[in-house]
Amino acid sequence: MEYVGERLYSRCPVPIQNVIMSAYGWKLRRERFGQGFDRASELLDRSQWLSLEELEAYQEERLRLVVRHAYETVPYYRDLMSGLKLVPGDITRLSDLPKLPVLTRADVDRSIEQLVSDAAPRKSLKKTHSAGTTGSSLYMYWDREIGYMNNACLWRERNWAGVEFGEPIATCLGRPVVPLDQKGPPYWRHNRPWNYLMLSPLHMTDESAPLYIEAMREVGVVALDAHPTAAYVLARFMEERDEYLPLRCVFTTSEPLLDVEREVIEERFQCRVFDGYSQSERVMYSSECDRHTGHHLYMEFGITELLDDDGDPVPDGTVGRVVATGLHNFGMPLIRYEVGDTASMAGTDCPCGRKLPLMRDVAMRAEDILVTPDGRLVPPLMVARAFKLLPGIVRSQIVQHDPAEITTRLVVKQPLAAHDEDDLRRNIAERLGPDVRVAIEYVDDIPLVGRGKYRRVISTVPLVWGKTTTANLYQEGGGGEVGVESTEESEEERAGASRASS
Ligand SMILES: [Zn+2]
């Protein structure tokens, strides 16, 4: 649903909202399953057991297709390669990739329409938003094939944890499925075609958390798929009541997963956490297998390079900038795209036997949980998303020192128009409530902290869990070590209909 659709939705009675959710679920099911999905799934089933050499051969085969397609049908790459006096025959091996420059987010922002393939009818492409690590906002286009491939990756990720399509799953991801002005249960909606119980990320309090847990128990969900902070908040409230809800697994995505979060979630849901990572640019995908030795990099999905500041590859064990080439989105191919995250590689030696390389230390963003005057604990991503429809923002940061006040710091190309400022305030109010004042502050820069980590959401407001109070996530322990980290966009796919709003 687009912006206006979301407003209409919020005015419908609950049963109608359930019908809308399921109708959208059917639409997405038609778009993401079918022959294309089956093909991609068969490939991924087989390829996960290939040797590293075979996987690289597959990547090179796809790379040749992508480069030729880009040269022949994408104005940006035609110009770029002509300027560099390159033809597709010059880029046939992985080792040829450095002949092309790194594509930055700013490059994409400047040339977005030139990056779309002439061969792809616009009608066939899905336009989506990328909010990016540093809070800037971009459009992306996906073709049908990348929709199938991404969905196939999602289900491989889930199969690794023993979950099959059709089994009941609870989600608590990026969209406000329950309007904020709804003051009582149910704090969830049903998406029947995907068998999802969609939990509201905006209504979690000491009083409502047991209702969430009860609803999950009643439906008999086998897994929870959530932002790490959302899963953590539910688990932490259970800890307060000394409750447990045994599940088969918990999937996390889209935010940094801290060690403390993993620990509490695993304890209270009595299962392992499977963390995953992807982004709306659709250039890389990774997830944990059942041995939890790091994230397996899905080599079939994209080619990932880790580079130092001079643009040279870093050795295993050293953190580098993530630059990735998508192998399946022919509608808008991105070659050597700088994702904005850092990570390190840790070889291919996982006891599961798969040779898909292990990625660790994926990090850059640090985000706290937001607290509202009425005591709700809100995942940071919910508010970071308030920016996603506003163009011209280079960087943004949300700062909260008091539950009743939010300051949004913006680095912009030019100050926002008055109606965009109003939109931003309204978007935030829709997530945090009308009692929260929103100040907008234009700044020249927002510096990185620690090892180049970007603090997109800072809250110094303590977290109250029933009778216990703790400091917010990144205050305790001076910024908590970021474990494997995710950007938000994988939820676009995994949410199925939980993303009626994309
Ligand atoms: Zn493994």
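How many bridges join strand 10 to strand 14? Two do, and these strands, residues 295-297 and 358-363, run antiparallel. Histidine 296 has leucine 358 in strand 14 as its bridge partner.

Before going on, some ground rules. This is a predicted model, where local features need pLDDT of at least 70, side-chain atom pairs count only at pLDDT 80 or more, and totals for chains, interfaces and linings use all residues. Residues are numbered from 1 along each chain as its sequence is written. Helices (H or I, at least four residues) and strands (E, at least two) are DSSP runs, numbered from the N terminus.

Strands 10 and 14 sit in an open sheet of 12 strands with mixed pairing, in the order 4-5-3-6-7-8-9-10-14-13-12-11. Two strands pair if DSSP finds at least two bridges between them. Strand 4 and strand 11 are the edges, each pairing on one side only. Helix 8 packs on this sheet, and its direction makes about 175° with that of strand 5 (angles run from 0 to 180 degrees between N-to-C directions). Here's who touches whom (contact means C-beta atoms, placed from the backbone, within 7 Å):

| Element | Residues |
|---|---|
| Helix 8 | 209-219 |
| Strand 3 | 169-172 |
| Strand 5 | 196-199 |

Strand 4 (188-191) is touched by helix 8 too.

Now for a helix pair: the axes of helix 9 (residues 228-240) and helix 10 (residues 259-269) come within 8 Å and cross at roughly 55°. The two are therefore oblique to each other (under 35 degrees is roughly parallel, over 145 roughly antiparallel, 65 to 115 roughly perpendicular, and the rest oblique).

Terms used. Two residues are in contact if their C-beta atoms, placed from the backbone, lie within 7 Å.
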